[in-house]
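Here is a short set of exercises to work through with the model open beside you. Try each task before you read its solution.

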Amino acid sequence: MYYLFLKVRRRQATRWDEIISSVLFLIVMVSFLWMPALMAGENDRALSICGAALIGCMLVFLVRRSDILPIMVYGEIVVVAVVILAVFLELIPQFTDPFAKLGLIASGLALLYYFVEAARVSRRLRVEEAKATATLWRAAHIDELSGLANRSWFNHRLAEHLAAATSLQGNFHLMLLDLDRFKEVNDAYGHPIGDVVIQIAAQRISTFFGKDAFVGRFGGDEFAVVKRDTGSSSGEVHAMLESLSADLGATIRVAEIELQVGVSIGLARFPQDATSQADLIRCADMALLHAKSIQKGTAAVFDWQIRAVADRRRAAIERVRNAAATGKIVAYYQPRIDLASGLIRGYEALARILEPGGEVSDPSVWGDALDDPDCARLLDQQVLEAVVSDWPKLLDRFQESKQLPLGSISLNTSHYSLKVRNFVPNLLDKLSRSNIPTTAIEIEVLETVLVGKSNPLLGRQLALLRSAGISVALDDFGTGFASLMHLRDLPVDRIKLDQSFVRDMDRDPRNRPIVRITVELAHALGMSIVAEGIESVSSRDFLRSIGCNEGQGYLFGSPRAIW
């Protein structure tokens, strides 16, 4: 009844509830069994014993069909068994009727079975409860895909490491790891393959550090490691990072596919670099960004030079975001000249920021912001908006020169924008609503975007642009070591030779053969070529003599606003 009361009140039984229920039930049953000894007639005793046997059978039915029972452990069963045995040893000699003795024994065995079964069920329930608790704990602390600590638990353990190191004046390292080219793997082969890559990377990290470190997954393709510093020298730390990079950079084989997914690592030290958890994570993140900016697949240990670079980058990002919010990002236009005729063939739209003091700043001031994906996409959008706004003036400029066909406006587009799947549809929609023909727009992409394995999404985006009538130019050619395969396979209409080769042609004669060969290569592949950075008449004349199609540089005009 006590347990039924708990069920009706929707209360969860505590350990004390279980003990009270067991004691009350034992008192009731022992009292019931003693009743035959108090009765005068043996027939009445036999009837009472039959009632006890019936109660015992009912208990057996209940224990098999319901969870309304005393929750007991095997230690309590021993006590119950001893009590039942003592009662029966006292009662059995009082009966001469063998059927009465048999009924008494049956009722006692039923009662004992009830408690044994209750203990067995109790053990099962406790095992299930332990499993449920373990499942909940794992869901709250473990990343399901990698099997490592999730971000929340890692931060909790990091706080424990920091508190212990503070009190004991100890040292430890915090490392942040970011898988390189992971997004390209996901885009090319799908998320199932990407998930396997995460699992293999997690296993390699755990195997590398063993029990000497605590490893977690921060999310996506980011991992974090806390490792106690045992007095390692700077050389030993760098050697450890190089070894870790080599292990994680080894070929990953998934479903007969060989993948090269490297890792960039940033390391910060407690307490040398920071003494708070937030600052320590920030320092490790700065080191990671520095490593990725130098070259993917490398590692960097935080120092104050890295902090200075990070501070400049943060200031640049803030400058660009504030300029975008206040409408201060504008487009300046530099003419692109046909070297044979001297006519303007188009303009390159270059991002500029109107500063509060009235001056105009260029990427030499805030160029660090271009490494931030959101900031780079924001600049691309703002320049496109500026070109759309300036289009009537640009159209008048083209018509004044009586130029047919109309020239094109080149837009520098970051690979962060090209990675947005709806980039092309959004661009075409904006051009259509602004009555700008697609043939009047050219998209410039950096050669460095093509370095390494070709990005399938990039190829599809460029193909969509060309099919819509938008031409594609490969900017800063000669600086990123794009392979001839990229020039052959990707849909590129024009090559823009980097200004570093053109500007130094007069001082360094070795540049001239490089420029000549590049021009011949472009023509052989059916592409036109633009030479950037023309600042002297001699450079212009040489480029014209070797058949370079167009030129751009301060000789023809500096970037200016359209008024």
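**Exercise 1. Classify two loop residues with unusual backbones**

Decide whether Gln 169 is buried or exposed, and then do the same for Arg 181.

Solution. Keep in mind that you are looking at a predicted model. Start with Gln 169: its relative accessible area is 73%, and the cut-off for exposed is over 50%, so Gln 169 is exposed. Next, place Gln 169 in the chain: it sits in the loop between α6 (151-168) and β1 (172-179). Its phi is positive, about 55°, although it is not a glycine.

Now turn to Arg 181, in the loop that links β1 to α7 (182-189). Its relative accessibility is 36%; partly exposed covers values between 20% and 50%, so Arg 181 counts as partly exposed. Arg 181 has a positive phi as well, near 60°. As background, most residues other than glycine have a negative phi.

**Exercise 2. Find a cis peptide bond**

Which residues does the cis peptide bond with omega near 5° join?

Solution. Go to the loop between β6 (263-270) and α10 (277-294), where you will find Pro 271. Then look at the bond leading into Pro 271 from Phe 270: this peptide bond is cis, with omega near 5°. For context, most peptide bonds are trans.

**Exercise 3. Explore the nonpolar cores**

Work out which residues touch the most other members of the largest nonpolar core, and which helix gives the most to it.

Solution. The largest nonpolar core holds 64 residues, and Tyr 333, Ile 409, Val 515 and Leu 543 touch the most other members. Helix α13 (residues 373-400) gives the most to this core, with 10 residues. Next, pick Leu 543 and set aside its neighbours within four places in sequence: its contacts then include Leu 339, Val 502, Met 505 and Val 515. Ala 531, Ile 534 and Cys 548 are also among them. Finally, look for a second, separate core: it has 31 residues, including Val 185, Ile 193, Ile 198 and Val 254.

**Exercise 4. Weigh the confidence**

Find which element has the lowest mean pLDDT and which has the highest.

Solution. Begin with the whole chain: the average pLDDT is 81, and 74% of the residues score at least 70. Among the elements, helix α1 (residues 2-8) has the lowest mean, 46, while strand β16 (residues 550-552) has the highest, 95. Then check two stretches: pLDDT stays under 50 over residues 1-10, and it also stays under 50 over residues 63-74.

Key: Residues numbered from 1 in each chain as written. Predicted model: local features only at pLDDT ≥ 70, side-chain atom pairs only at ≥ 80, totals over all residues. Heavy atoms only, no water. Core = buried A, V, L, I, M, F, W, Y, C linked by side-chain atoms within 4.5 Å. Buried < 20%, exposed > 50% of the residue type's maximum accessible area, 1.4 Å probe, protein only. Helix = DSSP H or I, 4+ residues; strand = E, 2+ residues; numbered from the N terminus. Contact = heavy atoms within 4.5 Å. pLDDT = per-residue confidence, 0-100.
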